[in-house]
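Grab a pencil and work through these exercises with the model open beside you. Try each task before you read its solution.

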Amino acid sequence: MMRGQVVPEEARAWTAGLLLATDYFAHARREAVAKASAAIRGRLHRTRRASSPDRETSR
Amino acid sequence: MVVESGERRRSRLRGFLLAEAGAVVLGYGVAVLRDGAPVSGRGWALVVAGSVAVAVPLWVKSRRELRQELETRSAETLAIETDAKLRLVVGDVVTPIAEVVGRVHQASGKERETLRGQLGQLVVEAAASLCDGERARAVFWRLQRGEMRAAAWFGRGDPPTTVFTDDPDDRRGQEALLLVRFHDYVLIDDVRAGELPRGTEPRPGATYRSFISVSVFCGEQNLGMLSVDAPEPHAFDDTDLNVMRAMAQLLGAGLVDRH
């Protein structure tokens with residue numbers, strides 16, 4: 001389950017001019033890379049697990 | 001993070017190869033224990049030949065597997081970069097800017113104009129930060145009374161001074177105004193390479209080599225031009241162009257007047 005703000009606080013601070021674009025994008029980029037990394041690795045892991053023969057049934 | 005995990009997997013692969021080599025050495029050791037070490041030159045030659053016969057396929061295999069591993073890792077890194085960019089564009093840029101566009105249309109009078117100025121600044125900040133060019137600079141050229149002047153900019157130091165006009169001797173200005181009127185875009189990989197479309201030649205002393213310019217409009221209202229440039233050639237690709245198109249349309253949606 002996931003719940004959160006549609007427009008997060010940092011984004012609001014940027015659009016309101018309270019946060020410098022360079023700081024906002026540096027933080028957003030770090031977050032995006034970390035989440036993308038976890039998502040891609042998760043997908044790859046699931047794909048590998050799905051494509052490898054099922055040890056339980058192959059015995 | 002990406003590198004750490006890759007190194008871990010690489011060392012695991014090396015571990016498997018070492019285990020394979022260890023198994024061969026163990027087999028040889030057992031043979032020596034059972035039958036004794038070679039005593040003649042012929043026996044030693046046989047051992048050397050056997051070692052080479054085992055080592056060569058192992059070496060070839062290790063090189064091939066390491067290469068495959070490297071290719072997989074590159075593909076994984078590329079996938080992560082693409083996914084991260086998508087998250088940045090959709091989640092961190094389009095969503096908050098769309099919210100500002102909504103607020104522009106809720107406001108009136110002076111507040112609306114302030115929000116519009118803010119919107120222009122947000123769009124150039126996003127364009128310069130999202131497009132891949134190193135030291136990119138994004139500019140919003142506002143169209144007013146038949147001329148375009150820089151209304152907002154972000155990125156590389158030098159502030160834009162160009163004014164695009166419809167004067168007969170301002171060829172670049174005429175072409176830029178036509179681009180806006182026809183709701184077009186243009187991506188130039190290198191302003192110093194080969195033949196360029198009319199009016200896209202850089203002004204003398206320009207510090208950029210590549211750029212993207214996109215018309216900013218909404219319906220029939222022409223509002224200006226959004227551009228991003230970089231001092232390197234081939235700094236932008238199709239993805240950057242699509243980011244610019246989306247940014248220009250968001251800007252147009254916020255700047256348009258009610259009929």
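**Exercise 1.** Work out how many residues each chain brings to the contact, and how much area is buried.

*Solution.* Keep in mind that this is a predicted model. Start by counting: chain B gives 26 residues to the contact and chain A gives 24. Next, look at the area: about 2,100 Å² is buried between the two chains, with 65% of it coming from carbon and sulfur atoms. Now find the top trio on chain B: B:Ile80, B:Arg87 and B:Leu88 supply 22% of the area that chain B buries against chain A, more than any other three residues.

**Exercise 2.** Check whether B:Glu76 and A:Arg41 meet the salt-bridge rule.

*Solution.* First, recall the cut-off: the nitrogen and the carboxyl oxygen must lie within 4 Å. Then read the distance: the closest N and O atoms of B:Glu76 and A:Arg41 are 2.5 Å apart, and the pair forms a salt bridge. Across the whole interface, the rule finds three salt bridges.

**Exercise 3.** Find which strands of the chain B sheet stand at its edges.

*Solution.* Write down the order first: the six strands run β3-β2-β1-β6-β5-β4 in an open, antiparallel sheet. Now look at the ends: β3 (163–164) and β4 (185–188) of chain B each have a single partner strand, so one side of each is left without a neighbour in the sheet. Then try a pair: β1 and β6 of chain B are joined in the antiparallel sense over six bridges, and B:Arg142 has B:Gly224 in β6(B) as its bridge partner. Finally, add a helix: α4 (residues 171–181) of chain B packs on the sheet, its direction making about 120° with that of β6(B).

Terms used
Residues numbered from 1 in each chain as written. Chains lettered and ligands numbered in written order. Predicted model: local features only at pLDDT ≥ 70, side-chain atom pairs only at ≥ 80, totals over all residues. Heavy atoms only, no water. Contact = heavy atoms within 4.5 Å. Buried area = accessible area lost by both parts, 1.4 Å probe. Salt bridge = Lys/Arg side-chain N within 4 Å of Asp/Glu carboxyl O. Pairing = 2+ DSSP bridges. Helix = DSSP H or I, 4+ residues; strand = E, 2+ residues; numbered from the N terminus. Axes fitted to C-alpha atoms, helices over the stretch in contact; angles between N-to-C directions.
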